[in-house]
Structures are given as C-alpha cells and as structure tokens.
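Here are some questions a first-year student might ask about the labels given to parts of a structure, each answered by setting a value against its definition.

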Amino acid sequence: MPASSQNKIRIGSHDRVFVLTGAGISAESGLKTFRDDGGLWAGHRVETVATPEAWEHDPELVWQFYSQRRRDATASEPNAAHRALAQLEKQLGERFFLCTQNVDDLHERGGSANIVHMHGELFKSRCEDDCGSPILADEGNYESLDEVPRCKCGSRIRPHIVWFGEIPLEMPRIEKEIERCTMLLVVGTSGAVYPAASFVHWARRRAGSPAQTFYIGPEAPLNVNAFTEVILGKAGERLPGLFEME
Ligand code: BJW
Ligand code: ZN
C-alpha cells in the first residue's frame, strides 16, 4: 500500500471520476461512524437494529434507533469535505458520479445534485411488505409502535434503509459507472461491508485499463492493498484543494 503525502490529485480532461463515501465523511459534522471507538456499533450487536430479523423481532427498537439517527442528522451540518465533492461535481458534470453508503442527507445539503444512496436514505420510509406503494418522504420520530404510520395496504412503514442481507440500491447503475470510470476515490469507509468494499477491486479489474484508485481517510481501510494511493488524513482537511484539473 503506497501511503501518500501528495497534496493534489490530477484529473485529466478525459477522466471519469467515481466517488464512494462512507460514514467517515460525516464524522467532522458530528455524526458517529459505525465501527470506530465510540461508534454506533460500539457495545451493540448490529443484529439488533440493522437486519430484517431485527425488524421482525423488535420493530419498536429499530424505529427508536433510526428516530435518533434522524434527530442527529437534522442537528448536523455538511462539512468542508461534502462541499469539496459538490464543487468537483460542478467542475466535472457528467464525468462525475457520487455513490454514498451514508443514509444522511449531508451531501445534498452540501450542494451535491446527483447522489446514489446505495444503503438507503434516513428521511424516507416504505411499506414493510413492499406492496408497491411509493417510497415516502418521512421526517417522523417514532418512539412507540402506536405512532408508526401504516401503509395504505395496512402493513407498517419501515425505514428506507438497506439492512444486512438486503440488496443495495441501484447496483446495475453503480456497476456501469465503475466499469467506465478512470479514477475511483473512496472516502471515509472501513472496507468492512460488501459489496461496497469490492468496488475498488472492480475498478482495478475493469475491461480496458485499470482505474487509478485513491483512498482518503485517517487510517488505512481493510481493503487497503487494492488502492494505488492512500492519502491519510481527515476528509474535511484533505479534500478541499485536493483536485487539480489538467
Ligand atoms: C474518517 C474520518 C474523517 C473516521 N474523515 N474518514 C461474508 C463475507 C463477505 C460478505 C458478506 C459475508 N456475510 C454477509 C456478507 C454481506 C454483507 C456484509 O458485507 N457483511 C459484512 C459484515 C461481512 N453485506 C450485505 O448484506 C449487503 N447486501 C448484500 O451483500 O446483498 C447481496 C447483493 C449484493 C450486490 C448485488 C446483489 C446482491 C447489505 C449491506 C447493508 C449495510 N447496511 C449498513 C446499515 C444500514 C445503514 C444505517 O443504519 O446507516 O450500512 S451497515 C453500516 O456499514 C452502514 C454503512 O453504510 C456500512 C459501511 O460502514 P462505513 O461507512 O465503512 O463506516 P465504518 O464505521 O465501518 O468506517 C468509518 C471509516 O471512517 C473508518 O475507516 C474511519 O477511519 C474513517 N473516518 N473519521 C475521513 N474525519
Ligand atoms: Zn403496503
């Protein structure tokens, strides 16, 4: 793994940039990551809140967890890293693609226009039985099951979140964009969760020449060996001014 102290990533006029972000990009906005010390999973079993089985077993606890996440996200503000990616999108237009594992809305509030939320969105809910009713915009906080609205079909609504064992959203589009990118930038994710942790391998193995792959975060991720460059540091400190157009 070539750790890098480089302070610029040069983007050529024919480059296509795919960006994958994780919880680390929102850390400087005050939102907890999952696996760091003091993170959301510290001292908790993920199975109790982030699986379909958790929803079956204790939907009230699941809604309490996501209601708190909604409150935390509402109280936070985008940081310099979110804004730097929004600026890069404006510079590159359709040669830029942003995929986030995060369910918060800080990329949107930081100025990004096109974002794929592969693990869902905190401020949306949907029918637990996928009856075909549309996904709802929902800022509600539900502390007891009596408060949880029902879908038109009579089933409960659940958070529009991709839990373990569920299929991430928009995978065909993501795969297409990785196949045609020439640079993959990964920001603030531990590389512990698949398929996101495989994107760097897919970009290295794409038809034609391998994409250049960059990781930006304070520590090396689990999949560090697949990156051509690792830029150590906090996203909010490293991303602003990092990109140079050739
Ligand atoms: C900073 C920073 C700063 C700190 N600046 N950085 C065995 C082997 C392989 C795979 C599997 C397996 N068993 C099961 C699986 C599959 C499973 C999986 O990956 N399990 C692993 C535990 C092994 N995956 C799934 O089930 C997924 N679905 C699936 O695979 O379907 C099959 C399929 C795929 C594709 C096509 C067709 C079919 C679904 C995964 C759903 C994940 N859901 C969650 C929770 C819901 C969202 C929520 O509640 O918010 O998503 S889990 C949680 O982890 C959340 C995150 O999006 C995700 C990734 O976490 P992230 O972002 O990496 O956070 P951390 O905390 O791990 O890391 C933070 C990083 O930030 C650290 O590195 C810090 O250093 C850094 N940092 N400050 C920059 N200032
Ligand atoms: Zn329904």
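## Reasons behind the labels

In this predicted model, a network of salt bridges links Glu77, Asp105 and Arg109.

Q: Why is the contact between Arg109 and Asp105 called a salt bridge?
A: A side-chain nitrogen of Lys or Arg has to lie within 4 Å of a carboxyl oxygen of Asp or Glu, and the side chains of Arg109 and Asp105 meet at 3.3 Å, N to O, so the pair fits the definition.

Q: What makes Arg109 and Asp105 partly exposed?
A: Partly exposed covers the range between the 20% limit for buried and the 50% limit for exposed; because Arg109 has 36% relative accessibility and Asp105 has a relative accessible area of 22%, both residues are given that label.

Q: Why does Arg16 count as buried, and what is the label of Glu94?
A: Arg16 has 15% relative accessibility, and buried means under 20%, so Arg16 counts as buried. Glu94, its partner in a salt bridge of 3.3 Å, has a relative accessible area of 56%; exposed means over 50%, so Glu94 is exposed.

Q: What makes the site of the zinc ion (ligand 2) tetrahedral?
A: Four donors count as tetrahedral if all angles lie between 85 and 135 degrees, and the angles among the four donor atoms here are 104 to 114°, so the site meets that condition.

Q: How do you know that the SG atoms of Cys127, Cys131, Cys151 and Cys153 are donors to the zinc ion (ligand 2)?
A: They coordinate the ion at 2.3 Å, and S atoms within 2.8 Å of the metal are counted as donors, so the four SG atoms qualify.

Technical notes: Residues are numbered from 1 along each chain as its sequence is written. Chains are lettered from A and ligands numbered from 1 in the order in which they are written. This is a predicted model: local features need pLDDT of at least 70, side-chain atom pairs count only at pLDDT 80 or more; totals for chains, interfaces and linings use all residues. Side-chain values use heavy atoms; hydrogens and water are left out. Donors are N, O and S atoms within 2.8 Å of the metal (3.2 Å for Na, K and Ca); water is not among the atoms, so sites may look incomplete. Four donors count as tetrahedral if all angles lie between 85 and 135 degrees; four count as square planar and six as octahedral if opposite donors are over 155 degrees apart and all others between 65 and 115; anything else is irregular. Buried means under 20% relative accessible area, exposed over 50%, partly exposed in between (1.4 Å probe, protein chains only).
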